[in-house]
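Colleague: Could you take me through the ligand site of this model, residue by residue? I'd like a close look at that one part and what sits behind it.

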Amino acid sequence: MESAVFYRNLRNPLERIVRGEGVFLYDAKGRRYLDAVGGTSVVSIGHGVKEIYEAVGREAANITYAFNGHFTTRWQEELAEAILSVAPPEMAKVYFMCSGSEANETAVKMARQYHLHRGKPTKHKIIARWQSYHGITLGMLALSGRPSWREPFDPYLMAVPHISPPYCYRCPYGKTYPDCAVACADELERCILQEGPDTVAAFIAEPVIGTSVTGVVPVPEYYKKVREICDRHDVLFIADEVLCGYGRTGYPFAIQPWGVSADIVTMGKAITSGYAPLSATVASARVVDAFMRSPSGEFTHGSTHSGNAMSCFIGLQVHKYMREHNLFARPGQIGGYLHERLAGLADKHAIVGDTRGRGLLAGVEFVADRKSHRPWPADARVTERIVAGARRRGVMLIPGMKDANYGKGGDHIQITPPYVISEAEVDMIVDVLDEAIGEVAATLPSAG
Ligand code: PMP
């Protein structure tokens with residue numbers, strides 16, 4: 001029977017998932033899939049954790065919808081406190097929405113009103129990076145440096161200046177670290193100067209890049225430079241941690257290992273592990289103070305489901321579960337093993353150009369020539385065929401975007417499993433990937 005659902009691709013009917021447990025999903029035909037990407041980097045505590053549903057049955061009976069423009073709830077209050085309990089000390093308050101896109105929209109509006117409240121009405125521009133993703137709404141698509149997704153909607157997108165990504169494997173300056181002196185960070189300052197510092201409100205970046213060039217971890221000096229440049233020009237730094245935050249890279253906040261603070265941090269995905277839709281925009285004391293000092297204290301924003309009680313309740317249960325099972329730190333521990341095993345693939349397959357990432361956020365890039373990093377032509381369908389080969393063998397991967405090589409093709413995949421993954425399950429992923437790469441490589445002219 002024809003489905004009534006408007007699928008993402010109407011020519012591609014989807015299998016029906018009926019059960020999840022740990023890192024595995026099971027479809028209606030009884031097939032098992034190892035979810036090596038946690039849905040889409042969402043699942044942190046694993047699929048089918050019954051404590052979450054039991055808590056809903058036990059404690060959530062009184063939860064009813066209360067509009068958060070009129071009321072707060074115990075769950076919203078407690079989850080905000082719980083998030084701040086794992087946040088760097090400068091973070092002060094949390095604003096809840098449903099999706100990562102909305103969390104970033106919230107951050108942008110917060111940054112804009114921060115400057116308005118401080119009497120700087122000309123500061124409105126948001127600078128973003130190429131090879132980035134900040135969300136699907138037209139506002140966040142305008143920020144996203146992903147050519148292939150922008151193209152159909154280009155006529156609607158507001159003007160956003162973009163700078164080069166800190167992508168060492170394809171250095172935008174053709175340089176090598178450390179001789180490059182982190183020139184890609186200096187580009188931010190040039191961009192602010194050219195736009196006019198009085199017009200720039202904020203710079204937004206994913207601390208570790210998620211879906212656009214998966215697993216790119218900027219060099220140690222990068223965010224320190226970014227922070228200094230932002231401070232010099234009274235520009236806020238927004239860290240989009242929707243994908244890389246909340247433990248994914250082994251730290252509650254992904255920006256932490258660089259030893260710098262962001263003014264606003266956005267989160268989503270892992271905070272409810274997919275058990276309910278929820279995102280968070282975490283504001284630092286500096287931002288909160290500007291609102292507090294303003295005559296109205298008002299943040300002109302909010303939607304029907306801001307701070308939804310059920311989502312916050314589930315977020316709180318996931319937070320407790322993560323603390324009890326030491327899951328904020330676990331990706332940092334098991335991630336080492338994943339990266340070691342992925343690096344082994346490069347020894348075996350000439351088409352593996354780069355393996356990278358931090359914690360349980362890993363990317364593998366495929367190339368036709370290892371010396372020049374030349375990508376395969378698009379019609380070789382390298383990523384697509386590797387992902388399909390892994391799926392046939394029961395492992396779900398996410399194909400990286402086709403814009404990795406600055407909008408001109410490029411092949412990479414994403415591996416972002418639930419935080420509860422075991423070493424044996426990491427082995428299953430990498431062994432299947434090994435086979436899938438071998439199968440595709442055998443059909444290609446030999447890589448350089
Ligand atoms: N920011 C980043 C870094 C993301 O990876 C995503 C989703 N992949 C988003 C924002 C948007 O989140 P959502 O799809 O929940 O709106």
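Modeller: Happy to; here is a walk around the ligand and then outward to the residues behind it.

A word on the ground rules: this is a predicted model, in which local features need pLDDT of at least 70 and side-chain atom pairs count only at pLDDT 80 or more, while totals for chains, interfaces and linings use all residues. Residues are numbered from 1 along each chain as its sequence is written, and side-chain values use heavy atoms, with hydrogens and water left out.

Let's begin with the shell, meaning residues with a heavy atom within 4 Å of the ligand. The residues around the ligand are Ser99, Gly100, Ser101, Asn104, Tyr133, His134, Gly135, Glu206, Asp240, Val242, Leu243 and Lys269. Sorted by class, the shell has three nonpolar, six polar and three charged residues; here Ala, Val, Leu, Ile, Met, Phe, Trp, Tyr, Cys and Pro count as nonpolar, Asp, Glu, Lys and Arg as charged, and the others, Gly among them, as polar. Helix H4 (residues 100-117) supplies the largest share of the shell, three residues. Helices (H or I, at least four residues) and strands (E, at least two) are DSSP runs, numbered from the N terminus.

Now the polar contacts, which are pairs of N or O atoms within 3.5 Å; within protein, one must be able to donate a hydrogen and the other to accept it, and residues adjacent in sequence count only if both atoms are side-chain atoms. A polar backbone atom of glycine 100 sits 2.8 Å from a ligand oxygen. Ligand nitrogen is 3.3 Å from a backbone N or O atom of tyrosine 133, and a side-chain N or O atom of aspartate 240 is 2.8 Å from a nitrogen of the ligand. On its own the ligand has 390 Å² of accessible area, and the protein covers 83% of it (Shrake-Rupley method, 1.4 Å probe; for residues, only the protein chains shown count as cover).

What stands behind serine 99? Its backbone oxygen lies 2.6 Å from a polar side-chain atom of serine 279, a residue of strand E10 (residues 279-284). Serine 279 has 1% relative accessibility, so it counts as buried (under 20% relative accessible area; exposed is over 50%, partly exposed in between; 1.4 Å probe, protein chains only). Beyond four places in sequence, serine 279 touches residues including Ser99, Gly100 and Gly268, where contact means heavy atoms within 4.5 Å.

On the side of leucine 243, glycine 210 is in contact with Gly215, Leu243 and Gln414, leaving aside neighbours within four places in sequence. Glycine 210 belongs to the loop between strand E7 (200-205) and helix H8 (222-232), and is buried at a relative accessible area of 1%.
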